[in-house]
Amino acid sequence: MPRVFVTRPIPEAGLKLLYEAFGDEVLVSPNDWPIEREELLRNVVGVEGLLPILTDMIDDQVLEAAGPQLRVVANYAVGYNNVDVDAATRRGIVVTNTPGVLTETTADMAWTLLMAAARRVTESERYLRAGRWKSWGPQLFLGVDIHGQTLGIFGMGRIGHAMAKRARGFDMRVIYHDQIRLDPEREAEMGVSYVDKAALLAESDFISIHCPLLPETTHAFGPAEFACMKPTAVLVNTARGPIVDEAALAEALKSGRLFAAGLDVYEREPEIHPALIECENVVLVPHLGSATRATRARMAEMAALNLVAVLQGRQAPNCVNPKAIADCRL
Ligand code: DGY
């Protein structure tokens, strides 16, 4: 029976599938915090299936430590920038992710951050809880309108599409920028228009980031970009932290160069740039994009099904390196 290691307890729905398939050969790290590097390197030795979460760096050293019998790394996340896919591919290891199941939930969070930042929800709640609210005021915590404004989507993948859908209900104009343009029928159907990055920055009242983290998207939003945005604009990031230069964002928020921001992800999680913590006009949540009971359970099931499929000699439903490993069959 193949041995499997899960780096942190995941919802029962996924663990059940693993136990059904591999029984006592499944080892789940018992601690509900990120596994220490040394512990990870120790526990992967001899496993055929590894199920990490997005904070575990699965690099060549981990794959080497596991040994040549390792066949699948089933990441518990849609993003897989924590896995060295090239190194896995060189070793013939299938890498899988959990796309689709968290699309709507993550778009819900992006929309929550957009609204909370625009209407100063967390800032005014802090004021109220501190006992500072003395009366209704004509100028108290004035925000910016959402309805009828322009939403700029940076990265028109699944979550970008889900954001565009939500924007319709708010009568918004939706523009987007991506490396790949949708075909005109799809654009018309979605009610979105393609623009270059400069136009996205200049015309958007809200920019929501939905691209993957790649070398070319690292710090895609920095001082130069903030200088081109409207001073009334709101930036939302639920994708990956390093896409935004946090120091530059804090500076833009403090100086009034940008109206507000909503962040779910950070450059060096779980550290938050101290200058951001000082900003009242940023809504900060701890990487909760996919954090609903139903979605996390579906992600667990999906990661487990991917892992079981490979170890049982079937095609992994969500393989991210299929070209290198013919058909994901081992
Ligand atoms: C993912 O799956 O990549 C998300 O960031 C989890 O919330």
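A salt bridge here is a side-chain nitrogen of Lys or Arg within 4 Å of a carboxyl oxygen of Asp or Glu. Keep that in mind for the boundary between the domains, where the count is 0 salt bridges. The model on screen is predicted.

**Stop 1: the two domains.** Select residues 4-100 together with 293-327 and colour them as domain 1. Give 103-284 a second colour; this is domain 2. Taken over C-alpha atoms, the centres of domain 1 and domain 2 lie 32 Å apart.

**Stop 2: the boundary.** Show the residues where the two colours meet. On one side, 6 residues of domain 1 make contact with 5 residues of domain 2. Between them the domains bury about 530 Å², with 45% of this on carbon and sulfur atoms. Next select N81, G100 and T295: these supply 64% of the area that domain 1 buries against domain 2, more than any other three residues.

What classes of residue does domain 1 have on the side that touches domain 2? There are 2 nonpolar and 4 polar residues, and no charged residues. Across the boundary, 3 residue pairs are in polar contact.

**Stop 3: the ligand.** Select the ligand and then its surroundings: L54, A77, V78, G79, L102, R240, H287 and S290. Turn on backbone atoms for V78, where a polar backbone atom is 2.7 Å from an oxygen atom of the ligand. At G79, a polar backbone atom is 2.9 Å from a ligand oxygen atom. Now show the side chain of R240; one of its polar atoms lies 2.6 Å from an oxygen atom of the ligand.

Finish with a surface over the protein. How much of the ligand's accessible area does the protein cover? On its own the ligand has 230 Å² of accessible area, and the protein covers 94% of that.

How values were computed: Residues are numbered from 1 along each chain as its sequence is written. This is a predicted model: local features need pLDDT of at least 70, side-chain atom pairs count only at pLDDT 80 or more; totals for chains, interfaces and linings use all residues. Side-chain values use heavy atoms; hydrogens and water are left out. Domain bounds come from an automatic or database domain assignment. Contact means heavy atoms within 4.5 Å. Buried area is the accessible area (1.4 Å probe) that two parts lose on being put together, summed over both. A polar contact is a pair of N or O atoms within 3.5 Å; within protein, one must be able to donate a hydrogen and the other to accept it, and residues adjacent in sequence count only if both atoms are side-chain atoms. Ala, Val, Leu, Ile, Met, Phe, Trp, Tyr, Cys and Pro count as nonpolar, Asp, Glu, Lys and Arg as charged, and the others, Gly among them, as polar. A residue is near a molecule or strand if one of its heavy atoms lies within 4 Å of it. Accessible areas come from the Shrake-Rupley method with a 1.4 Å probe; for residues, only the protein chains shown count as cover.
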